[in-house]
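This report describes a two-chain structure, going through its sheets, its helix packing, its cores and the contact between its chains.

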Amino acid sequence: MNTPSAVVCNDSATLALLLTRQLEALGYRVRSITPDQLLLPLAEPPDLCCIELLGNYSNGFKLLRQLRRHHDCRCVLLSASARRTDVAWGRAAGAHAVLLRPFTVEQLAHSAVGEAS
Amino acid sequence: MTPIAIGEARLLPALACTLEQLLLQLTDLLRARGSRARLAAELALCSSRLAQLAQFLPAAHTVRQQVSHVDKLLPALLQPQETAVQIRLLVPLWRLLQILPAGLPDLAPWRRAAAARPAAIALMASWWRSQQLLAAAPFSAALHDLMRQLATVVRSGAPEPAAIAVVLRRWQVLQTFGGDSRQLQHSADLLQRITLVLLMPAVTTAADAGQCWLQLWRLTQQQKLPAGDTSSCDDLALLQAVQTDLNRHRCQLQPFLQQAVAQPDTVLLPQPLVMLHYRLPWLLQAAGQYGLARLAHLWQRGVLLHWQLRRPLTPGLIALLAGLSALLDMSQWRTLAAMQITDVLLQLLQQWPSPQPHGVASVPLCIGKAPASIPLAGVPDLLAQSFVVLNRADETWFISGAAFACHAAAIAAELQLLEQGAAAVKVQAVERFCSLLLALQHKASQPMQQRDFPAQLLWRGHCHLLELLDEAAAWQDPQVDPQLMAELQTWQQRGVHEPLPPWSEPGAPAGMALDELAQRLSLFVDKLAETLEHPLRFSMSIAPALPSTLLPLCDTCLQPLLRFLVLEQLQETTLRRQAHRPLAISLHLRLDVGDDGVMVELREDGCERAPDHQALKRLRHKLPPSVQRLLWRTLAGSGRRLYCVIGE
């Protein structure tokens, strides 16, 4: 079976590294990209895309819409703000799951494959 | 003059009492609370009273000598100083406390605190305010009392940060007297965790919260606290990433801090910096700095509250922000103590902004067709869940008039809710853009040639609306594209500068005359909106059986009526804003055939007040005599209605 691929879009080096490690532990082949790279179609469409909702100068909702115009992969939004609005609007904007920090690896795994946690 | 002999037993309590007042003033001065000039005057008053009292003591009495030192040093204390200099200046005050006799039991804890902590004076003053706590009671009884206070705060449901700060500050001071230094560190660590459990339950797990309360229970039972979180992380790659992020954070913060220091009390935190603080706690947590992460959580929430209330940061908060920025330097972490973090955390809670006094508890929104009262705080959540159609729409919906007609009603319903919601939470960019889209879509729904249908413009407007909503949902300031806005306005105002067309020749088909009336009235309202520079929405339902001979008369009578209603409502713009209602004025006209002529019903949704007598008198003067039986009705929750009959 092919190793599933994931893309991590986060302009924080720390949060990108932590998420990459968590996804690698779940068996994903992970690439880390910047928000700017997500504005164009990706050369290698991933199976899963994890987007940070509130970046320094990026807006995760907009990036998500952009991504969904080009690719049909599973999208997970990650939010550091713990707001219910993030979940509601994230889902309305097309996210398959919205994870509020703090989350466990199990919750990430459930969101990545689409199971209710 | 020979001093009157007063017994030392009476004199020293009076001295202590005056000293208390002096310390309280000094605390406020050190914390930069209140006017420096006023505090200085009050301090000087206390100091001279101290000196007067000390005059009654023998010249060689050590208390009298120390009072004399305090009096001399006070002017220097009033000047802004480095903390180290201030502490040196406070030495005579401490000595004075030390030498006051043990016969004054209330002063004992002051002396110990003064010896133990650099910020002792501030602590001592807050201690003095709650002097019933310790002096006579044993340590454990005081601790139990504090826990009871904490439980009361928790039971209140929505604990106020300032109230929590008061209780926890007492706890901290109590620990200063009661525990050893190791225990003190653990206690400070527990205090941080409890603050987070109380104020930010969303970022603490249930297990962590349970452990906090268990430790608190142990503390009240006089059991030693277990060691707190360790603050070590030996993952070099991770530490390097954290360092990169923290350095970037500090670089972005620095220009703001420089500006804020230059213009205290006026500078508002910019939105990108508010966003920047969201990730800070998680960065610090990744580096194993749990104490700092807790502080950053609280700090982020405080910053957000200031930004939401549009309040500038106070000098105290700017100083705290500068302090926090310094703590993000990794080289500081080796010497960072839990007490230090707790101190900043409590200062932050004490400066927490109070909620808006004139906040509106709920706002009227129409969900579906039914008007409802929604709590203001719940509006963003409601909006985020409500726009299924707007999010689902694709380009094919806007490709032609026929395609658009299938979805127009559903889109308009969501746009109207959005307009009301945006007005309620005062996101004016979204509200105005929504009003414009509603007007544009209403106009696009009128019969027209396919080549005139603004398919591309509607689609671009829709996409831009979603962008604005994405920005608002991320708490960014939505920025309307001015070029697109101008294009939409130009299309929406097409023909508005042309004169009203003349009536067609007598004998024209009735259908055409009805269309003419509708067209002339729409154009009239558009012209009015353009002249007043105010969004107006106008819809009509006209009975087909209306006699064509009466239509020009209807046109003549309805124009002054519409103008009157719009101008009337315009005067209430401020009231509408205060009631969190949208700016756009919405009018609906219904014309039916009656026994005596044309029956008119004009509905205004946003206003529930009948015009006063004078205004009605003016209106009657402007209306032709053919307008009869003018009647007003106001309906709670559904605006006001005007009825009249137009007949020859």
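## Basis

Two strands are taken as paired if DSSP finds at least two bridges between them. By that criterion strand E4 (residues 74–79) and E5 of chain A are paired, since 4 bridges join E4(A) and E5(A) in the parallel sense. The model is predicted.

## The sheet of chain A

Chain A holds an open sheet of 5 strands with parallel pairing, in the order E2-E1-E3-E4-E5. Strand E2 (29–33) and strand E5 (97–100) of chain A form the edges; each has a single partner strand, so one side of each is left without a neighbour in the sheet. From one strand to the next the twist averages 20°.

At one edge, E1(A) and E2(A) are joined by 5 bridges in the parallel sense, and A:Val7 stands opposite A:Arg31 in E2(A). E1(A) and E2(A), together with helix H1 (residues 13–25) of chain A, make a right-handed β-α-β unit. At the E5(A) edge, A:Ser79 is found opposite A:Leu100 in E5(A).

## Helices on the chain A sheet

Helix H4 (residues 105–113) of chain A packs on the sheet and touches strand E3 (48–52), E4 and E5 of chain A. The direction of H4(A) makes about 165° with that of E5(A).

Which residues of helix H2 (residues 60–70) of chain A are buried? They are A:Gly60, A:Phe61, A:Lys62, A:Leu63, A:Leu64 and A:Leu67. Within chain A, the buried residues of H2(A) pack against strand E1 (5–9), E3, E4 and helix H3 (84–92). They also pack against H20 of chain B.

## Chain B and its sheet

The secondary structure of chain B consists of 25 helices and 7 strands. Of its 648 residues, 34% count as buried. Among contacts in chain B with a separation of 6 or more, 69% are between residues 24 or more positions apart.

An open sheet of 5 strands in chain B has the order E3-E4-E5-E7-E6, with mixed pairing. Its edges are strand E3 (536–542) and strand E6 (627–634) of chain B, each with a single partner strand, so one side of each is left without a neighbour in the sheet. Neighbouring strands of this sheet are turned by 15° against each other on average, direction ignored. E6(B) and strand E7 (residues 640–646) of chain B run antiparallel and are joined by 6 bridges; B:Val627 stands opposite B:Ile646 in E7(B).

## Nonpolar cores

The largest nonpolar core has 132 residues. Those with the most contacts inside it are A:Val8, A:Cys50, A:Ile51, A:Leu64, A:Val76, A:Leu77 and B:Val430. Leaving aside residues up to four places away in sequence, B:Val430 touches B:Leu418, B:Ala422, B:Leu468, B:Leu469, B:Ala472 and B:Pro478. Another core, of 27 residues, lies apart from it and includes B:Leu521, B:Leu550, B:Cys557 and B:Cys644.

## Contact between the chains

How many residues does each chain bring to the contact? Chain B contributes 28 residues and chain A 24 residues. On the side of chain B that touches chain A, helix H11 (236–262), helix H12 (271–286), helix H16 (379–386) and helix H20 (455–473) of chain B each supply at least two residues. H12(B) gives the largest share of that side, 8 residues. By class, the side of chain B that touches chain A has 18 nonpolar, 4 polar and 6 charged residues.

Technical notes
Residues numbered from 1 in each chain as written. Chains lettered and ligands numbered in written order. Predicted model: local features only at pLDDT ≥ 70, side-chain atom pairs only at ≥ 80, totals over all residues. Contact = placed C-beta atoms within 7 Å. Nonpolar A, V, L, I, M, F, W, Y, C, P; charged D, E, K, R; others polar. Axes fitted to C-alpha atoms, helices over the stretch in contact; angles between N-to-C directions. Buried ≥ 20, exposed ≤ 12 C-beta atoms within 10 Å, placed from the backbone. Right-handed = clockwise from strand over helix to strand, strands pointing away. Core = buried A, V, L, I, M, F, W, Y, C linked by C-beta atoms within 7 Å.
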